Amino acid sequence: MISWWLLPLFAGLGVAGIAGPLGSLVVWRRLAFFGDTLAHGALLGITLGILFDLHLTLALILSCSMLALILLKLDKYTGIASDTLLGILSHSSLAIGLVVLSFFDNVRIDLMAYLFGDLLAVNQTDLLWILIGGLLVVGLLIWQWRGLLASTVSEELAAIDGYPVRRLKAMLVLLLALVVAISMKIVGVLLISALLIIPAAAARPLAKSPEKMAILASVIGMISVCAGMAFSFIWDTPTGPSIVVSAAGLFVMSQVFNSVRK
Amino acid sequence: MNPDLAVVKTEAEVLISASGINQTWGNRHVLQNIDLAISENEIVTIIGPNGCGKSSLLRILLGLNAPDSGKVTRRKGLRIGYMPQKLRIDDRLPLSVAGFLMLAPGARKQRVAEWLERLSITALAEQPVQRLSGGEWQRVLLARALLIEPHLLVLDEPVQGVDIQGQRELYQLLPELRNELGCGIVLVSHDLHLVMAQTDRVICLNGHVCCSGHPDQVSISPEYNSLFGHEKSHQHGQHDVPLALTSELAPELAHYTHHHDHKHCTDGHIEGTKE
């Protein structure tokens, strides 16, 4: 017999574990806004999923990956500054998603659940997605870690050294899309980048090497999940935002610790 | 030129060659018909004023950009060690010097330690890369370029921002490395007069190859440097006193004499100056 809170806890821990190394890469490579855009665009994915009667997680993964690849291409070929481009795509895809959704009179979906997530609604299939997705993401990151890090330091130098810089970037962006898609249920569209960025930022002052920062970010994320869930049970607050608040608290503590140490 | 040297040169294997390279940025013809080949054991210095196309040529040789026309041929399996002019690493990435060096493909701890020792920067191994001084960072970048066991070592403005002592040390080290590793070395510099004494060939670039040759001529010809508007050298006529002094004090340095048969007008067109 599984306790009702165990599934959400494992799901949260799983997502936080994946978010550590990936979030560190997002922070180092300044991809935060990129993650945001993917998350906002994911709402369009939900709409399309309903439209074509697809499994929602699958629809999310497909739409996020498509969007990620489109962004990668546009970034290379248009003269528009990439933050402007991201802003345009981010908000217009969110808006299109909302508008299209409103045409379905017979469909009622809990929009709040997608915007803020509903960790407690996680079921066994979701957990399986997180497990498989997580193993895939972490496995690929470890496998290509040196190349990813080298191209983070300098894409040009990495390219001259013979790392497949473009393929690595595409891989990273697709993994980001995958994680955004599978963690949407946990913290929701609006808070996904928080889960990627805040633990990594909190880990920065405490870490001396990239690897340590990535692992520490996972640990901090997991602590935030536990603390956020406990908080939400005791005071009956929404779970996703509570997790993000806990992470933010840990971030402040790490900054204070850092300035005291200096 | 020494005829024996010429024989050796033809036997040395060509590492990388470029032929008929053209590159345009907007309506500026940055590179015009560049032909270039670099062989094993050869040290080539590419000089030219700012905006002469050095960086564009370098990026094409390194494979970062494709030229509009022309062809770059590399020896099969060529490994290039590149030392960039500068590289800033974001503060958000916690990275030590040793960790940075381990990112070179195929780097092993022992080789990293050996190069740190050789370049006398062992003490820096655990330092965060963001805290290094300009000279220290430059050595670390050189160590990284050497770690990939390059057939061709490319250094972009390696002495810019380095003090005289550091410059002499580098200019002593490079020929040693060439002899040990048998690699070709390309230096890029904006200094039009002083080049590394051990340079086999200087290529003067200003959109096209203006002239090229051996750098050891210390005595100054009257047409010295007429291209770049250094009229002083004409007014002073013989300019060899300070240069002779330089070469006595710093045997690593040599002077390069430009032999140009044309001049670059301000509107960009080229005029012949041959009588």
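Visitor: What counts as a helix or a strand here, and which elements does chain A have from the N terminus on?
Guide: Helices (H or I, at least four residues) and strands (E, at least two) are DSSP runs, numbered from the N terminus. This is a predicted model: local features need pLDDT of at least 70, side-chain atom pairs count only at pLDDT 80 or more, and totals for chains, interfaces and linings use all residues. Residues are numbered from 1 along each chain as its sequence is written, while chains are lettered from A and ligands numbered from 1 in the order written. Chain A comes to 12 helices and zero strands, so by that DSSP definition its order is α-α-α-α-α-α-α-α-α-α-α-α.

Visitor: What radius of gyration does chain A have?
Guide: The radius is taken over C-alpha atoms, and the globule rule is 2.2 Å times the number of residues to the power 0.38. For 262 residues, a compact globule would come near 18 Å. Chain A agrees, with 18 Å.

Visitor: Which helix of chain A gives the most to the largest nonpolar core?
Guide: Such a core is a set of buried (20 or more other C-beta atoms within 10 Å of a residue's own) Ala, Val, Leu, Ile, Met, Phe, Trp, Tyr and Cys residues joined through C-beta atoms within 7 Å. The largest has 150 residues, and A:Leu176 is among those with the most contacts inside it. The top contributor, with 14 residues, is helix H9 (residues 165-187).

Visitor: How many residues of chain A are in contact with chain B?
Guide: Contact means C-beta atoms, placed from the backbone, within 7 Å. Chain B brings 19 residues. Chain A brings 21.

Methods:
Contact = placed C-beta atoms within 7 Å. Buried ≥ 20, exposed ≤ 12 C-beta atoms within 10 Å, placed from the backbone.
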